[in-house]
Amino acid sequence: MNKPTPLDIHSTAERHIIDFRKWGWKDIVVLGKYHYKQTRAALDVHAHRDMLEICFCSKGEQVYKVAGQLHKVKGGDLFVTYPGELHGTGEFPEEKGEMYWIIINIAAMGKAKRFLQFDGQLAAEWKRQLLQLPRHFKGNIRLKNTLDQVFHHYAQHAGLLDHIRVQHLLADLLLAIINGSQSAGVRKIEARMEKID
C-alpha cells in the first residue's frame with residue numbers, strides 16, 4: 001500500500017476547497033475547485049489511502065499520470081483514481097482551466113454502513129457503484145451547475161436546510177456521474193486511450 005498523502009485543504013484566490021470533516025462527515029471528505037488563468041507547477045505524485053477521487057474537468061485540459069500511464073483529460077471529462085493509487089501530473093504542469101475534484105472515504109462508508117443519508121444495503125450499493133466507475137469517461141457539462149450549487153449552499157451555511165441541500169446535491173451529482181458512466185451512448189475514453197508524447 002502506498003504511503004497516504006495528507007489531504008490538501010488550502011484555499012487561495014483561484015482555488016477553493018471545502019473540508020466536509022468540519023460538518024462531521026466521514027464519507028465525502030473534500031470537494032475542491034480551481035480556476036487557473038495560467039499554468040502552475042506539476043502536481044506532485046501522491047496517494048489517498050482508502051479514498052476514491054473523482055475529477056471533473058469543466059474547461060481546458062490536463063494530463064494525469066497513474067501507474068506510469070498518461071491520460072489526457074479534456075473539458076467535459078471525468079477522471080477517477082482508486083484508493084491507494086499513486087497519481088499526479090507527471091512531468092506536465094497543471095494547465096489553465098477549471099477543474100473540480102471530490103474525495104470519498106471508501107473505508108468510512110463500509111465501517112459506518114452509511115453514505116450521505118443512506119443506510120445499510122443502500123450505502124453498500126453506493127460503494128459498489130462508485131468503485132466500479134471507469135478510469136476516464138465523458139461527463140456532462142451540467143455537472144458544473146450542480147457542483148457550483150454545492151459551493152454556494154456550503155458558503156451560505158445558514159442552517160440545517162443548507163446542510164440538507166448540500167447532501168442532496170452531492171447525491172444527485174454522484175448519481176449523474178454513475179449514470180453517465182453506464183450510458184450506452186457515452187464515449188468511453190478508456191477504450192481509445194490517447195497516446196501522449
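**Cavity**

I searched the whole structure, a predicted model, for cavities and found one of 30 Å³ or more. A cavity here is a set of points on a 1 Å grid over the protein atoms alone where a 1.4 Å probe fits but cannot get out. The largest cavity has a volume of about 50 Å³, a volume being the space filled by probe spheres set on the points, with grid points joined across faces, edges and corners. I listed its lining (residues with an atom within 4 Å of a point) and noted Leu31, Phe56, Trp101 and Leu173 among them. β3, β7 and α4 are the elements that give two or more residues to this lining. By class I counted eleven nonpolar, no polar and no charged residues; Ala, Val, Leu, Ile, Met, Phe, Trp, Tyr, Cys and Pro count as nonpolar, Asp, Glu, Lys and Arg as charged, and the others, Gly among them, as polar.

**Ground rules**

I kept to numbering from 1 along each chain as its sequence is written, and to heavy atoms for side-chain values, with hydrogens and water left out. Local features need pLDDT of at least 70 and side-chain atom pairs count only at pLDDT 80 or more, while totals for chains, interfaces and linings use all residues.

**Pocket**

Next I took the largest pocket, an open set with protein on both sides within 12 Å along at least five of seven lines. The volume of the largest pocket is about 370 Å³. Of its 21 lining residues, Asp8, Arg15, Leu43, His46 and Glu53 lie nearest the centre. I sorted the lining into eleven nonpolar, five polar and five charged residues. β2, β3 (51-66), β5 (77-81) and β7 each supply at least two of them.

**Strand β2**

I then followed β2 (residues 28-36), which is largely enclosed by the rest of the structure because seven of its nine residues are buried (under 20% relative accessible area; exposed is over 50%, partly exposed in between; 1.4 Å probe, protein chains only). Strands are DSSP runs of E, at least two residues, and helices runs of H or I, at least four, numbered from the N terminus. β2 pairs in the antiparallel sense with β1 (residues 15-19) over five bridges and with β7 (residues 97-105) over eight; pairing needs at least two DSSP bridges. I noted Ile17 bridged to Gly32 in β2, and Tyr36 opposite Gly97 in β7.

**Helix α4**

Last, I checked two residues of α4 (residues 160-182), Arg165 and Asp162. Arg165 is partly exposed at 35%, whereas Asp162 is buried at 5%. Asp162 touches Trp23, His153, Gln156 and His157, not counting residues up to four places away in sequence (contact: heavy atoms within 4.5 Å).
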